[in-house]
Amino acid sequence: MVRLRERGVSSVALQFPAGLKRKAAEIADDLSDQGFSVIISGDPCYGACDLSLDLLDYADVLVHFGHTPLISNPDVLYVPFRVDFDPDVVRSALPFLRGKAIGIITTTQHTHILPGIVDVLRSEGYEPVFRSGGGRTPEPGQVLGCSFEAARIPGISEILFVGTGIFHPLGVQLATGAHVVALDPLTGQATEVDADKFLRKRHGIIEKARSARHIGIIVSTKPGQNRYALGKHLLSLCDRAYLVFMNEVSPDELLNLGFGAYVNTACPRLAYDDQIRFPAPVLTPGEFEILCGTRRWEEYVVDEML
Ligand code: SF4
């Protein structure tokens with residue numbers, strides 16, 4: 001609110017990811033009562049990579065909720081969403097840690113708790129450390145599904161991920177080769193991450209893609225997911241591939257296109273998390289290089305946008 005007043009704007013566009021959309025009307029009420037003219041983006045939103053910049057044709061400023069800054073635009077304000085928990089919950093992960101020097105990482109909802117976690121770990125004789133990955137992850141200790149850079153900490157081979165879901169810690173293990181422990185701070189459940197099963201599945205998907213007559217290389221038109229240059233590089237590796245530009249990468253649209261396999265250069269999580277929903281194998285760029293013989297399986301890389 002203060003930031004809006006300082007800017008002297010009169011009209012505001014609001015954008016929320018799925019989990020926060022229900023707050024739209026309440027926040028719009030609040031801003032309307034303050035004299036702002038308010039519009040709301042009703043489209044799906046997956047991250048700060050996915051800004052509704054088109055709404056700036058109708059409003060002075062776009063307020064994007066739930067994520068940290070990713071695309072620099074003077075007319076966009078980012079309002080991250082924070083979720084609290086008691087840092088003491090980290091004690092349930094201690095039996096799984098193998099060393100004393102621990103890198104700690106989390107998602108943007110919890111970065112504000114990391115100093116409290118550091119205090120608890122230090123009181124137990126550990127040497128915790130966290131740092132900013134920069135670029136797409138500006139907050140210290142923050143990782144995204146497309147950037148595990150904050151987990152690459154010199155001299156650290158033990159990582160504690162504090163957050164929900166298995167995708168981030170799995171990606172961190174593949175990106176760093178570290179021993180990774182994942183702690184869900186809301187349930188207090190801790191697990192050691194093992195990427196072997198995941199890699200076996202990915203190997204099967206690459207093999208399935210070998211029989212495809214045509215391969216679609218998906219290039220996103222979302223501002224923070226566009227990797228056109230990478231798409232062109234991948235295109236040069238295979239004479240039965242075509243670039244396919246998409247805004248929403250959905251199972252229905254891939255089915256309608258009818259390619260035997262796809263390579264995803266949009267949000268890396270699409271190939272990993274959504275494979276089960278897709279009608280054909282969807283490879284990451286690195287997996288496509290393995291398919292084309294320009295990368296060895298032993299050189300498997302997790303897909304990131306650094
Ligand atoms: S590219 Fe994917 S993982 Fe990265 S910010 Fe966007 S939605 Fe999140």
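Biologist: What makes a molecule count as sitting in a pocket?

Modeller: More than half of its atoms have to lie within 2 Å of the pocket's grid points. In this predicted model, the ligand sits in the largest pocket, so the ligand passes that test.

Biologist: Which residues are around the ligand, and why are they called that?

Modeller: They're Tyr 46, Cys 49, Arg 136, Gly 145, Cys 146, Gln 225 and Cys 267. Each has a heavy atom within 4 Å of the ligand, so each one counts.

Biologist: How is that shell split by class?

Modeller: You get 4 nonpolar, 2 polar and 1 charged residues. Tyr and Cys count as nonpolar, Arg as charged, and Gly as polar.

Biologist: How do you know that domain 1 and domain 2 touch?

Modeller: Contact means heavy atoms within 4.5 Å, and 5 residues of domain 1 manage that with 6 residues of domain 2. Together the two domains bury about 410 Å², 61% of it on carbon and sulfur atoms. On the domain 1 side, Thr 68, Pro 69 and Leu 70 lose the most area, together 83% of what that side buries.

Biologist: How many salt bridges are there between domain 1 and domain 2?

Modeller: The count is 0. So no Lys or Arg side-chain nitrogen is paired across them within 4 Å of an Asp or Glu carboxyl oxygen.

Methods: Residues numbered from 1 in each chain as written. Predicted model: local features only at pLDDT ≥ 70, side-chain atom pairs only at ≥ 80, totals over all residues. Heavy atoms only, no water. 1 Å grid on protein atoms, 1.4 Å probe; cavity = no way out; pocket = protein on both sides within 12 Å on 5 of 7 lines; lining within 4 Å. Buried area = accessible area lost by both parts, 1.4 Å probe.
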